[in-house]
Amino acid sequence: GTFYRFPLRLVHGVPLMKPIADDWQKVESFQARPDDLLIATYPKAGTTWMQEIVDLVVNEGDLEKVKRAPTHIRFPFLEICSPPPIPSGIDILEETPSPRIIKTHLAYKLVPKSFWDQNCKVIYIARNAKDNAVSYYYFDLMNKTQPDPGPWEKYVDTFLKGDVGWGSWFDHVIDWWKAKDKHRILYMFYEDMKEDPKREIRKVMDFLGKNLSENILEKIYQHTSFQAMKDNPMANYTSFPSSILDHSCSPFMRKGEVGDWVNHFSETQNEVFDAKYKRRMEGTDLNFRYSI
Ligand code: PPS
């Protein structure tokens, strides 16, 4: 039913869905293990794609092994606290044997301190703000735990204000960018992955200390293409309860492209966006591409 539509509550200034905020103590005190790998993203930046790549790198291209379970089971979602039948991420993680690969959308400042105490590796993926906003809009339509996005005409404003689940895109990408020099963080871009997937898969292999053959790299590349993942029931979220993710509103594997924003942003929206963007990104050396 549509009754979920959780409201947002601020946690240290970051809006999170109410069940996550209510259970914050549990997230904050989470105990990371040294061999945990964290895949961190702003929502809709390429999490699922990276999860599939990482699983194949870790399992050295074993295509059968990565079909063992759907994405949301293979990679526990740290802070998620969904309505039943989905158990909380923390409860699942406590039962998960090492080495764990953990998904999070948390802003850098909200990541449980134990990840840094344990010197855990993190793979962060960032996506250009305009495509990220479009993707998030469609996701808010289909994900019944998120606040209703309202009409697209207003959504760009909502997104720019950071009044969406997990907060401001700007704070997210900038704070993680600054953090990458302090910790073992591989900072990746969705646009780079689209431009040259094999080059980017190699970066992941290097970061994880896996020296795999060209043959295996080719397999990973084939299996993680947009079309292959869209057709893969273990990667396309169709096995998730449809009361929460309603693929009839918008499929999880929607377009998987760079530059779809041009089909959505009006001229005015684009001007407003660019002005705010300039203000927020000035002084950073963080650069995004809007087409490839
Ligand atoms: S979530 O809910 O935050 O975990 O979503 P996330 O996986 O981060 O983002 C979903 C978007 O990523 C696209 N996607 C891909 N693009 C290219 N190649 C592959 N293999 C791939 N897999 C997923 C997905 O289609 C969503 O983007 P949009 O623009 O909405 O299509």
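Here is a short walk through this predicted model, with something to select at each stop.

**Stop 1: the largest pocket.** Start by selecting Lys44, Thr47, Thr48, Tyr237 and Phe252. Of the 48 residues that line the largest pocket, these are the closest to its centre. The space you're looking into comes to about 900 Å³. Now colour the elements that give two or more residues to this lining: helix 3 (47–58), helix 4 (71–74), helix 5 (89–95), helix 7 (129–142), helix 10 (190–195), helix 11 (197–207) and helix 13 (226–230). Which helix gives the most? That's helix 3, with four residues. Switch to colouring by class and the lining of the largest pocket divides into 28 nonpolar, 14 polar and six charged residues.

**Stop 2: the second largest pocket.** Next, pick Val58, Pro97, Pro99, Arg100 and Ile101, the closest to the centre of the second largest pocket among the 24 residues that line it. Its volume is about 560 Å³. Keep helix 3 and helix 4 coloured, since these are the elements that give two or more residues to this lining too. By class, you'll find 12 nonpolar, two polar and 10 charged residues around the second largest pocket.

**Stop 3: strand 6.** Select residues 185–189. Is this strand buried or exposed? Five of its five residues are buried, so strand 6 is largely enclosed by the rest of the structure. Turn on the side chains: Ile185, Tyr187 and Phe189 point one way, while Leu186 and Met188 point the other way. That fits the usual pattern, as side chains in a regular strand alternate between the two faces of the sheet. Now add strand 5 (residues 121–126), which pairs with strand 6 in the parallel sense over five bridges. To see one bridge, show alanine 126 and its partner in strand 6, phenylalanine 189.

**Stop 4: charges over rings.** Go to lysine 121, which lies over the face of phenylalanine 207, at 5.3 Å from the ring centre. Then jump to tryptophan 177: the charged end of lysine 180 sits over its ring, 3.7 Å from the centre.

**Stop 5: an aromatic pair.** The structure holds 33 aromatic pairs. For one of them, select phenylalanine 265 and phenylalanine 273, which meet edge-to-face, 5.3 Å centre to centre and with 75° between the planes. Phenylalanine 265 counts as buried because its relative accessibility is 10%, under the 20% cut-off. Phenylalanine 273 has 0% relative accessibility, so this residue counts as buried as well.

How values were computed:
Residues numbered from 1 in each chain as written. Predicted model: local features only at pLDDT ≥ 70, side-chain atom pairs only at ≥ 80, totals over all residues. Heavy atoms only, no water. Phe/Tyr/Trp six-rings, centres within 6.5 Å; stacked < 30°, edge-to-face > 60°. Buried < 20%, exposed > 50% of the residue type's maximum accessible area, 1.4 Å probe, protein only. Lys NZ or Arg CZ within 6 Å of the ring centre and 35° of its normal. 1 Å grid on protein atoms, 1.4 Å probe; cavity = no way out; pocket = protein on both sides within 12 Å on 5 of 7 lines; lining within 4 Å. Points joined across faces, edges and corners; volume = space filled by probe spheres on them. Nonpolar A, V, L, I, M, F, W, Y, C, P; charged D, E, K, R; others polar. Pairing = 2+ DSSP bridges.
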